[in-house]
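These are my notebook entries on one protein model and its ligands. I looked up the overall form, then the ligand sites, then the empty spaces.

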Amino acid sequence: MKLLVTGGVGFIGSNFIRHIRQEHPDWEITNLDKLTYAGNLENLKDIQDQPGYHFVKGDIADRKLVDKLLSQGFDVIVNFAAESHVDRSILDASPFIETNVKGTQVLLEGAKRHGIQRFIQVSTDEVYGSIDSGRFTEESPLSPNSPYSASKTAADLLCRAYFKTHHVPAIVTRCTNNFGPYQFPEKLIPLAVTNALEDKPVPVYGDGLNIRDWIFVTDHCRALDAVIQKGKLGEIYNIGSGNEKTNLELIRKLLEQLDKPQSLIQFVTDRPAHDRRYALNCARIATELGWKPAYSFEKALSATVDWYLKNESWWRSIKSGEYSRYYKKMYLKR
Ligand code: NAD
Ligand code: TYD
């Protein structure tokens with residue numbers, strides 16, 4: 001099996017590549033990544049020189065490059081490449097349209113021309129918008145509220161259109177909030193853990209009662225592995241773990257685990273159009289593909305906190321770079 005993984009240097013992509021190397025050492029992986037602020041080659045240092053793994057620096061929206069690469073012959077494309085942070089999409093939506101929308105279209109076009117057997121679009125529960133009670137199924141209407149989720153929705157719909165019109169064998173997966181090792185510290189869990197370790201305030205948006213369903217990244221990777229092997233072409237699969245927590249509950253737990261005072265919690269101005277609650281019905285992937293999460297929330301959270309404790313130089317070098325300018329822009333005004 002020859003896989004083209006895009007955005008494989010980022011948080012979920014690097015965990016996915018590590019998972020595939022372990023579970024399917026005979027699969028060949030080419031990783032196409034632009035190395036944006038979120039792409040840190042340190043994430044794959046242990047893998048970079050292994051046989052069967054190749055890295056290409058480049059942009060998924062670069063049609064010529066994608067065409068040249070795909071002419072090498074691949075069976076599967078797994079598209080992780082994206083601008084992924086809601087708050088950044090509020091500051092400037094342009095790169096979200098360029099990568100998430102145009103980039104996905106360029107990959108779909110390439111998949112069409114080069115006879116790819118499977119195109120996995122790694123999408124998000126955020127395309128459904130917010131739900132106060134109950135759970136979204138794959139048939140729920142799409143109702144994105146941020147420029148990020150709107151750009152991901154556009155990409156999902158392009159997958160649908162290329163499947164219907166050109167028979168590109170696309171499958172869309174929509175996962176809930178991931179956490180685990182190598183997550184960029186602009187996202188809630190690594191931001192809270194690393195700020196607390198530095199004895200800095202942990203910003204809580206609004207009243208802190210927004211709810212997310214948290215899934216350990218390895219469980220998401222296992223689900224994608226099942227979709228590659230057994231997923232039905234043209235299908236959409238929700239992926240979630242049912243670990244619903246308010247942001248406040250989660251941050252309190254993290255501070256407790258780190259033995260840091262709850263007084264580090266700092267309520268700040270809410271995010272505009274902040275989705276109140278995400279929740280998915282994941283019956284389809286369970287019944288059709290036999291996938292269910294393997295990690296308990298408590299164990300996965302402890303393992304994640306441990307990872308950040310043991311990998312201080314990883315997050316400290318990120319926090320002192322481009323991120324420090326973003327952080328000032330994002331939080332000093334709030
Ligand atoms: P991330 O921001 O950590 O990583 C994104 C990666 O994509 C980076 O390595 C970056 O360099 C690369 N990239 C960005 N633009 C590119 C381009 N034009 N061409 C090539 N590479 C490019 O993101 P993540 O959290 O690992 O998310 C990966 C995917 O999963 C995204 O598509 C995201 O929408 C989706 N997703 C994320 C979550 C989550 O909780 N993090 C949940 C559901 C779905
Ligand atoms: P985030 O990790 O940005 O993921 P998403 O917005 O894609 O769900 O945020 C998770 C939740 O935490 C979301 O409700 C916003 C909130 N949040 C804070 O309260 N403080 C923060 O500093 C961040 C980054 C997020």
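The entries below follow that order.

**Conventions.** I worked from a predicted model, in which local features need pLDDT of at least 70 and side-chain atom pairs count only at pLDDT 80 or more, whereas totals for chains, interfaces and linings use all residues. Residues are numbered from 1 along each chain as its sequence is written, chains are lettered from A and ligands numbered from 1 in the order in which they are written, and side-chain values use heavy atoms, with hydrogens and water left out.

**Overall form.** I found 12 helices and 12 strands in the protein; these are DSSP runs numbered from the N terminus, helices being H or I with at least four residues and strands E with at least two. I noted that the C-alpha trace spans about 55 × 45 × 35 Å along its principal axes. The radius of gyration is 19 Å, which agrees with the value near 20 Å for a compact globule because the chain has 334 residues. That radius is taken over C-alpha atoms, and the globule rule is 2.2 Å times the number of residues to the power 0.38.

**Ligand 1.** I looked up the shell of this ligand and found 28 residues, of which Ile 12, Asp 33, Ser 84, Tyr 148 and Lys 152 are the closest. A residue counts as near if one of its heavy atoms lies within 4 Å. For polar contacts I took pairs of N or O atoms within 3.5 Å; within protein, one must be able to donate a hydrogen and the other to accept it, and residues adjacent in sequence count only if both atoms are side-chain atoms. Oxygen atoms of ligand 1 pair with a side-chain N or O atom of Asp 33 at 2.6 Å and with one of Tyr 148 at 2.7 Å. A nitrogen atom of ligand 1 is 3.0 Å from a polar backbone atom of Lys 34. The protein buries 97% of the 840 Å² that ligand 1 exposes when taken alone; accessible areas come from the Shrake-Rupley method with a 1.4 Å probe, and for residues only the protein chains shown count as cover.

Which elements give two or more residues to this shell? They are α1 (11–23), β5 (118–124), α5 (147–166) and β7 (177–179), with β5 giving the most, 3 residues. By class I listed 12 nonpolar, 12 polar and 4 charged residues. Here Ala, Val, Leu, Ile, Met, Phe, Trp, Tyr, Cys and Pro count as nonpolar, Asp, Glu, Lys and Arg as charged, and the others, Gly among them, as polar.

**Ligand 2.** I found 18 residues around this ligand, with Glu 126, Arg 212, Arg 271, His 274 and Tyr 331 nearest. Polar side-chain atoms lie 2.7 Å from a ligand oxygen for Arg 212, 2.5 Å for Arg 271 and 2.9 Å for Asn 247. Alone, ligand 2 exposes 510 Å², and the protein buries 97% of that. Both α6 (188–197) and β8 (202–205) supply at least two residues of the shell, and β8 gives the most, with 3. The shell divides into 8 nonpolar, 5 polar and 5 charged residues.

**Cavities and the largest pocket.** I searched the whole structure and obtained 3 cavities of 30 Å³ or more. On a 1 Å grid over the protein atoms alone, a cavity is a set of points where a 1.4 Å probe fits but cannot get out, a pocket is an open set with protein on both sides within 12 Å along at least five of seven lines, and lining residues have an atom within 4 Å of a point. Grid points are joined across faces, edges and corners, and a volume is the space filled by probe spheres set on the points.

The second largest cavity has a volume of about 40 Å³, and its lining includes Glu 126, Arg 212, Arg 271 and His 274. The largest pocket holds about 380 Å³. Its lining has 20 residues, with Arg 160, Arg 174, Gly 234, Glu 235 and Ile 236 closest to the centre. I recorded α5 as the element giving the most to this lining, with 6 residues.
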